[in-house]
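Trainee: Could you take me through one helix pair in this protein, in close detail? I'd like to see how the two pack and where that sits in the whole fold.

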Amino acid sequence: MVTINEHYLKLQAGYLFPEIARRVNEYSQSHPDANIIKMGIGDVTQPLPAAIITAMHAAIDEMASVETFRGYGPEQGHLFLRDTIRDHCFRNRGVDIESDEIFVSDGSKCDSGNLLDIFGNDNTVAVLDPVYPVYVDTNVMVGRTGKANSDGQYDGLVYLPVHAENDFQPELPSEPVDLIYLCYPNNPTGTVATREILQKWVDYARENRSIIFFDAAYEAFISDPEIPHSIYEVDGAQEVAIELRSFSKNAGFTGIRCAYTVVPKKLIGYEHDGSPQALHPIWNRRHCTKFNGVSYPVQRGAEAAYSPEGKQQIEELIRFYMNNARLLREGLTAAGLEVYGGQNAPYVWLKTPGNLSSWEFFDQLLRESQIVGTPGSGFGAAGEGYFRLSAFSDLENTEEAIRRIEASLASKT
Ligand code: MLT
């Protein structure tokens, strides 16, 4: 008799985004003419920058000739890309990361789940609440939690609530934790962490021999020069933090797939008898055993994101999405909503009007305004009463969504 991994049975109803898609499909089937504006999942809408397209075409052409054809590449990524990342993402900010500490992959979502392979199941995990659901679900899948309670919170996880009252900045855990997930700029709240806040977390991790998973997938959207783009800009972080980065949101790679994870050689984990072990060789072993590398044309495309033209085209893309974020922020504030985020991140996070629950507001917005957003409670119990709108949209749709929300709110006063 084949047995299953029963931890999967603890997972709460469908992953958030499929559940949203289910409700939207149901609505569109009964309203086939509805012009639905989708601002739910943070998926990019604009085409790839021209410099990236050119580089990928050239790489495909290389594959067409026996002299330049390439088969398997290094599992960790081609050196041309890892060196470029080292120089343009870290050395340019005074951070001394080596190319062989950078592992190129097919996505930060995959990386954040895969990293759990190299940590013991008896580690205590802390997440912010609300949080990107993948961090929680992947820990449930490997058996690091008990069952969920009626609020959807899992036994064994340490939840650090963030809300308007604490400025969306969590307290340090009151009990020692081993693995800490931080995401800045934050998904879903769109808020950022200052250098002082990051230093506080790094100091905590050093004192408690913990590891921080720092998800920086949205760093390119930071406009405030005082906000660090990498946790390694903070003293001591290379001893305690793994950083996840992605080409999805800045370069528009959600359908192309390329990301990277930085595992510094200074990172230490412990055997049960307390013996220290470097994490870098263990992750390298895992990565090379279970992954055969990102395709060559995609890595050439990612490299082109750092060429002078690529950089300029990506800056334009970021400006485009952040203009949507600004319009949403200003328009919805003017319409009387309490709005957060959207200044250094492509998400705005708003308080639902009239004390509606997050899913009630989701249904109302879909029914009355044909707009799809993401219910805050889908990111965790402390997200109840909040709602996320994504700036990854077209300008016309963003403006139209603001008009529709204004009209719907006005009709209720
Ligand atoms: C989101 O909408 O939160 C993101 O698109 C999810 C992701 O990047 O996987």
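Mentor: Sure, starting with the whole: the protein has eleven helices and 15 strands (DSSP runs, H or I of at least four residues for helices and E of at least two for strands, numbered from the N terminus). Its radius of gyration, taken over C-alpha atoms, is 22 Å, close to the 22 Å that the globule rule (2.2 Å times the number of residues to the power 0.38) gives for 413 residues, so the protein is as compact as a globular protein of that length. Keep in mind that this is a predicted model, where local features need pLDDT of at least 70, side-chain atom pairs count only at pLDDT 80 or more, and totals for chains, interfaces and linings use all residues. Residues are numbered from 1 along each chain as its sequence is written, and side-chain values use heavy atoms, leaving out hydrogens and water.

Now the pair. Helix α10 covers residues 358–369 and helix α11 residues 395–410; their axes come within 10 Å and cross at roughly 105° (lines fitted to C-alpha atoms over the stretch in contact, with angles from 0 to 180 degrees between N-to-C directions). α10 and α11 are therefore roughly perpendicular (65 to 115 degrees) to each other. At the crossing, Gln364, Leu365, Glu368 and Ser369 of α10 meet Arg404, Ile405 and Ser408 of α11, with contact meaning heavy atoms within 4.5 Å. That contact is a mix of two nonpolar, three polar and two charged residues (Ala, Val, Leu, Ile, Met, Phe, Trp, Tyr, Cys and Pro count as nonpolar, Asp, Glu, Lys and Arg as charged, and the others, Gly among them, as polar).

Back at full scale, the C-alpha atoms fill a box of roughly 60 × 55 × 55 Å along the principal axes.

Key. Parallel < 35°, antiparallel > 145°, perpendicular 65-115°, else oblique.
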